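Work through the following exercises with the sequence and the coordinates at hand. Each task is followed by a solution that proceeds step by step.

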Amino acid sequence: MTLLHVDNLRVTFPTRQGPAEVVRGVSFALGRERLGIVGESGSGKSQTGRAILGLTPPPGRATADRLSFDGIDLCRATPRQWRQLRGARISMVMQDPKFSLNPVMTIGRQLIEAARAPRAEAHDRAMAMLDAVQIRDPARVFAAYPHELSGGMGQRAMIAMMLMAEPDLLIADEPTSALDVTVQIEVLRILDRLVEDRGMGLIFISHDLRLVGSFCDRVLVMYAGRVVEELAAADLAQARHPYTQGLLNCLPRIEGGRRPLPTLQREAGWAL
Ligand SMILES: Nc1ncnc2c1ncn2[C@@H]1O[C@H](COP(=O)(O)OP(=O)(O)O)[C@@H](O)[C@H]1O
Ligand SMILES: [Mg+2]
């Protein structure tokens, strides 16, 4: 079953040189699966994710021929419909937790408000979620305000908060990049369980093609605001687009020693 349709999504920001289109006609459909979006920094991944949630920062503007979630036309959603969707049925883990956590509310209160459950149950689940993202002292973090947490800790609290609502669709924007490897794996395991057990749809945004390839079912490769290649994660080694091949080759290999990374050669034609 298709959960999300994205058809010809465009995001534009006004600049002194005229409008800059940073997402340029992105289309895809998502079922209850793990879809990865990869690409270098600035390729339009975050703006794609935000546009789906109607969170394009002004004065930017998003348009699409079709943007629909579970039969709801997001292009025409009313503020009331958005309130029922955001943070409840569709959640997004933003790249920078500073902008997503409410600075004047304790983590615990934000977790409880994110849950759609009776208070006592929500409290127990909040503690369990903090524990699941490997926060060692859940009680302290529960009582803390966002500014009292480190970046990595804030990221984990964010992930716990997104999971509290048990959304149907989760957009996770570089959710693990601030975390150390063991916590990364734990977070991926939690996301995996939500997809497998609850049939959640997941859009996993990352610049790390190998991580995405090993974790997702399908991968969209973005370059300069466009999807230049879409393929099953299992077929990554057969990627045809030179940009995708470049992303694969540019990653450092552990056994590779200290050789400098190869530079990604670009062709003007990719961006056309
Ligand atoms: N608020 C903004 N105003 C103007 N340009 C922006 C804004 N946010 C992002 N951009 C531009 O949009 C492009 C895509 O950004 P983004 O989606 O954040 O890339 P990614 O997540 O792939 O690194 C970048 O060139 C960035 O500079
Ligand atoms: Mg980004």
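**Domains and ligand shell**

The chain is divided into two parts, domain 1 (2-89 + 168-271) and domain 2 (95-166), and the model examined here is a predicted one.

**Exercise 1.** Describe how domain 1 and domain 2 are placed and how they meet.

*Solution.* Begin with the centres, which, taken over C-alpha atoms, are separated by 24 Å. Next, count the residues in contact, where contact means heavy atoms within 4.5 Å: 20 residues of domain 1 touch 14 residues of domain 2. Finally, turn to area, since the size of an interface is often given as the accessible area lost when the parts come together. Between domain 1 and domain 2 about 1,400 Å² is buried, and 62% of this lies on carbon and sulfur atoms.

**Exercise 2.** Determine which residues surround ligand 1 and how they divide by character.

*Solution.* List the shell, which consists of F13, V22, E40, S41, G42, S43, G44, K45, S46, Q47 and P57. Sorting these residues gives 3 nonpolar, 6 polar and 2 charged. Then assign them to elements: helix α1 (residues 45-52) contributes the most to this shell, with 3 residues.

**Exercise 3.** Identify polar backbone atoms that approach oxygen atoms of ligand 1, and state how much of the ligand the protein buries.

*Solution.* Apply the 3.5 Å cut-off for N or O pairs. A polar backbone atom of G42 lies 2.6 Å from an oxygen atom of ligand 1, a backbone N or O atom of Q47 is found at 2.9 Å from a ligand oxygen, and for S43 the corresponding distance from a polar backbone atom is 3.2 Å. As a last step, take ligand 1 alone, which exposes 560 Å², of which the protein buries 61%.

Technical notes. Residues are numbered from 1 along each chain as its sequence is written. Chains are lettered from A and ligands numbered from 1 in the order in which they are written. This is a predicted model: local features need pLDDT of at least 70, side-chain atom pairs count only at pLDDT 80 or more; totals for chains, interfaces and linings use all residues. Side-chain values use heavy atoms; hydrogens and water are left out. A residue is near a molecule or strand if one of its heavy atoms lies within 4 Å of it. A polar contact is a pair of N or O atoms within 3.5 Å; within protein, one must be able to donate a hydrogen and the other to accept it, and residues adjacent in sequence count only if both atoms are side-chain atoms. Accessible areas come from the Shrake-Rupley method with a 1.4 Å probe; for residues, only the protein chains shown count as cover. Helices (H or I, at least four residues) and strands (E, at least two) are DSSP runs, numbered from the N terminus. Ala, Val, Leu, Ile, Met, Phe, Trp, Tyr, Cys and Pro count as nonpolar, Asp, Glu, Lys and Arg as charged, and the others, Gly among them, as polar. Domain bounds come from an automatic or database domain assignment. Buried area is the accessible area (1.4 Å probe) that two parts lose on being put together, summed over both.
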